Amino acid sequence: MSDSAAIPSKVSRPKRMTVPAIQKMKTQGSRITMLTAYDYTMARLLDQSGVDMLLVGDSMAMVVQGHDNTLPVTLDEMIYHAEMVGRGAERALVVVDLPFPINHQGIHQTVVAAGRILKETRCQSVKLEGGADQANVINALVMAGIPVMAHVGLRPQTVHTMGGYRIQRDRDQLIADATAAEQAGAFSIVLECVPPELAKEISELLRIPTIGIGAGPHCDGQVLVSHDMLGLNCGGYVPSFVKAYADLESSIREATQNYCSEVRTGKFPEI
Ligand code: KIV
């Protein structure tokens, strides 16, 4: 067999979502879908199910590592998981969170950290918490060719300053943050726990897509933590805005109980 005969003439691959493709969805009025993923299997499943963007979120600290908040996860841990997600995602644009407090350590450190993410994983962009206060950092990353998603409203990395997770209602601050992020070159922006009417106003004001979480129906897209969306919380706190589309926790418990029972009674494995 010749070499050319061994290579399939057409490998059918889904068309990759890109930064311009995500931005075009806003101009076309197509709602953008985004979910978190932290490993290969889940990334592959969500990707093959048609989600537009995958977020390797620092929520991993809570739902994967079992911490109380997002602060403990490290850059090396984010990169380790982003690599797995990058291998699993063929179509979705993958966004990786900059973990606390990378983007507060100065422009140079942030570019080095974000550069590592793009070099060492197959992921295409980063997300950082911040708006007006992070405009110079966003701009430096964008100038280095690193697409940035900003994140304003509730910023989980500032949990200790906020004294908990609360809806953010300061209209002037939110508009200043969102417009500064856009002007600095962010390709998109997460609005977390913002009143729906304010999220609508910001979404109409900005040219870049807004991705809402707990921010009502008027954003250009929505993101959820996949464990919440799939009903996989092990009794942990689930925000009231979450909708669970499955009850995987019950399925896993039931399957595990059946397996244990069949092993104990000798029903599995069969002879
Ligand atoms: O880390 C994360 O999962 C996030 C989403 C909640 C937007 O930042």
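Let's start with one pair: the side chains of H151 and E192 are joined by a polar contact of 2.9 Å. By polar contact I mean a pair of N or O atoms within 3.5 Å; within protein, one must be able to donate a hydrogen and the other to accept it, and residues adjacent in sequence count only if both atoms are side-chain atoms.

Before going on, a word on what we're looking at. This is a predicted model, where local features need pLDDT of at least 70 and side-chain atom pairs count only at pLDDT 80 or more, while totals for chains, interfaces and linings use all residues. Residues are numbered from 1 along each chain as its sequence is written, and side-chain values use heavy atoms, with hydrogens and water left out.

Back to H151. This histidine sits in strand β5, residues 148-153. Helices (H or I, at least four residues) and strands (E, at least two) are DSSP runs, numbered from the N terminus. Is H151 buried or exposed? It counts as buried, because its relative accessibility is 5%. The cut-offs are these: buried is under 20% relative accessible area, exposed is over 50%, and partly exposed is in between, with a 1.4 Å probe and protein chains only. A polar atom of the H151 side chain also lies 3.2 Å from the backbone oxygen of L154. Leaving out residues up to four places away in sequence, H151 touches K127, L128, E129, G130, P156, I189, V190 and E192. Touching, or contact, means heavy atoms within 4.5 Å.

Right after E192 comes a backbone oddity. C193 is not a glycine, yet its phi is positive, about 50°. You'll find C193 in the loop between β6 (188-192) and α10 (196-205), and at 10% relative accessibility this cysteine counts as buried.

Now let's move to helix α3, residues 40-48. Which of its residues are buried? They are M42, A43, L46 and D47. Looking down the axis of α3, these buried residues fall within an arc of 125°, so they line one face of the helix. That arc is taken from the directions from the helix axis to the C-beta atoms. The general background is that an α-helix has 3.6 residues a turn, so residues three or four places apart point the same way.

What do the buried residues of α3 pack against? Their partners are β1 (32-36), β2 (53-56), α5 (75-88) and α11 (226-229). On the face turned away from that buried side, α3 carries the exposed residues T41 and Q48.

The two ends of α3 deserve a look as well. At the start, a side-chain oxygen of D39 comes to within 3.2 Å of the backbone nitrogen of T41. After the helix there's G50, with a positive phi near 100°.

Next along is V51, in the loop between α3 and β2. At 6% relative accessibility, V51 counts as buried. Beyond its neighbours within four places in sequence, V51 is in contact with T33, M34, L35, L46, R91 and A92. One of those, L46, we met among the buried residues of α3. V51 and A89 are 38 residues apart in sequence, and their C-alpha atoms are 10.0 Å apart in space.

Then there's S59, in the loop between β2 and α4 (60-63). This serine counts as buried, at 13% relative accessibility. Its side chain makes a polar contact of 2.7 Å with the side chain of Y38. Setting aside residues up to four places away in sequence, S59 touches T36, Y38, T70 and V225.

On to the cis peptide bonds. One joins F100 and P101, with omega about -5°, and P101 lies in the loop between β3 (93-97) and α6 (107-120). The bond from F268 to P269 is cis too, with omega near 0°, and P269 belongs to the segment after α12.

F268 takes us to the surface, to finish. Together with Y259 and V263, F268 forms a nonpolar patch with about 300 Å² of accessible area. For such patches, residues need over 30% relative accessible area and no salt bridge; like charges are joined within 9 Å, and nonpolar side chains (Val, Leu, Ile, Met, Phe, Trp, Tyr) within 5 Å. A salt bridge is a side-chain nitrogen of Lys or Arg within 4 Å of a carboxyl oxygen of Asp or Glu. The areas come from the Shrake-Rupley method with a 1.4 Å probe, and for residues only the protein chains shown count as cover. Within the patch, V263 is found in helix α12, residues 248-265, and counts as partly exposed at 39% relative accessibility.
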